[in-house]
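Here are my notes for a first look at this model. Have the structure open while you read, and take the points in order.

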Amino acid sequence: MGIRLAISNPCFELWLTLHFEDHTDCLTTDEAVELRSSHDGSSDKSVDGPTYMPRRKKAHRRARYLDGMHQRKGNAFPDDNPSSGMFRFLEAVQGHE
């Protein structure tokens, strides 16, 4: 079975942003942090479960779309910005969405 990783490029805040909106443009870590904060007002690394849990299916769909977009373009890490493998984690623990 091995070890599998769920990497978000450029950072985890992209995954959190995908709970609220589509995002297909390359961005820096600072931009991703600012974008996430614009949705939930966060100024730290905490995540409010009740804010995010109801939106996880949308984030899953958006992250899968980004994965397909990068596959079609032949992009692999680190050239797959923006991307988040967190949808694979959800599939592993919850089954397919």
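Which elements do the buried residues of α2 pack against?

1. They pack against α1 and α3. Keep in mind throughout that this is a predicted model. The buried residues in question are Ala 32, Leu 35 and Arg 36. Looking down the axis of α2, you'll find them within an arc of 100 degrees, so they line one face of the helix. Turn to the face pointing away from that buried side and you meet the exposed residues Asp 30, Glu 34 and Ser 38.

2. A quick sanity check on the geometry of α2, which covers residues 29-40. Its 12 residues should span 16 Å at 1.5 Å a residue, and the end C-alpha atoms are 17 Å apart, which agrees. Just after α2 comes Gly 41, with a positive phi near 70 degrees.

3. Next, α4, which runs over residues 56-73. The same kind of check works here: 18 residues at 1.5 Å each should span 26 Å, and the end C-alpha atoms are 26 Å apart, which agrees. Gly 74 follows α4, and its phi is positive too, near 75 degrees.

4. What is buried in α4? The list is Ala 59, His 60, Arg 62, Ala 63, Leu 66, Asp 67, Gly 68, Met 69 and His 70. The elements covering these buried residues include α1, β2 and α5.

5. Now for the pockets. The largest pocket has a volume of about 220 Å³. It is lined by 17 residues, and those closest to its centre are Ile 7, Asp 67, Asp 80, Ser 83 and Arg 88. Three elements give two or more residues to this lining: α4, β2 (83-84) and α5 (86-94). Which of them gives the most? That is α4, with five residues. Sorted by class, the lining has eight nonpolar, six polar and three charged residues.

6. The second largest pocket holds about 160 Å³ of space. Of its 13 lining residues, Trp 15, His 19, Tyr 52, Met 53 and Arg 56 lie nearest the centre. The elements that give two or more residues here are α1 (12-17), α3 (49-52) and α5. The largest share, four residues, comes from α5. By class, this lining has nine nonpolar, three polar and one charged residues.

7. Asp 80 deserves its own stop, as one of the residues closest to the centre of the largest pocket. You'll find Asp 80 in the loop between α4 and β2. Is Asp 80 buried or exposed? Its relative accessible area is 14%, so Asp 80 is buried, the cut-off being under 20%. Leaving aside residues up to four places away in sequence, Asp 80 touches Asn 9, His 70 and Asn 75. Of these, His 70 is also on the list of buried residues in α4.

8. Please look at two peptide bonds as well. Asn 9 and Pro 10 are joined by a cis peptide bond, with omega about 20 degrees. Pro 10 sits in the loop between β1 and α1. There is another cis peptide bond between Asn 81 and Pro 82, where omega is about 5 degrees, and Pro 82 is in the loop between α4 and β2. To link these two regions, take Asp 80 and Pro 10: they are 70 residues apart in sequence, yet their C-alpha atoms are 8.9 Å apart in space.

9. Finally, two residues to try the accessibility classes on. Ile 3 is in the segment before β1 (8-9), and at 81% relative accessibility it counts as exposed. From Ile 3 to Arg 61 is 58 residues in sequence and 23 Å in space, C-alpha to C-alpha. Gly 49 belongs to helix α3. With 29% relative accessibility, Gly 49 counts as partly exposed, because that class lies between the 20% and 50% limits. The C-alpha atoms of Gly 49 and Ile 7 are separated by 20 Å, with their positions 42 residues apart along the chain.

Key. Residues numbered from 1 in each chain as written. Predicted model: local features only at pLDDT ≥ 70, side-chain atom pairs only at ≥ 80, totals over all residues. Heavy atoms only, no water. 1 Å grid on protein atoms, 1.4 Å probe; cavity = no way out; pocket = protein on both sides within 12 Å on 5 of 7 lines; lining within 4 Å. Points joined across faces, edges and corners; volume = space filled by probe spheres on them. Nonpolar A, V, L, I, M, F, W, Y, C, P; charged D, E, K, R; others polar. Expected span 1.5 Å × (residues − 1). Buried < 20%, exposed > 50% of the residue type's maximum accessible area, 1.4 Å probe, protein only. Arc of directions from axis to C-beta. Contact = heavy atoms within 4.5 Å.
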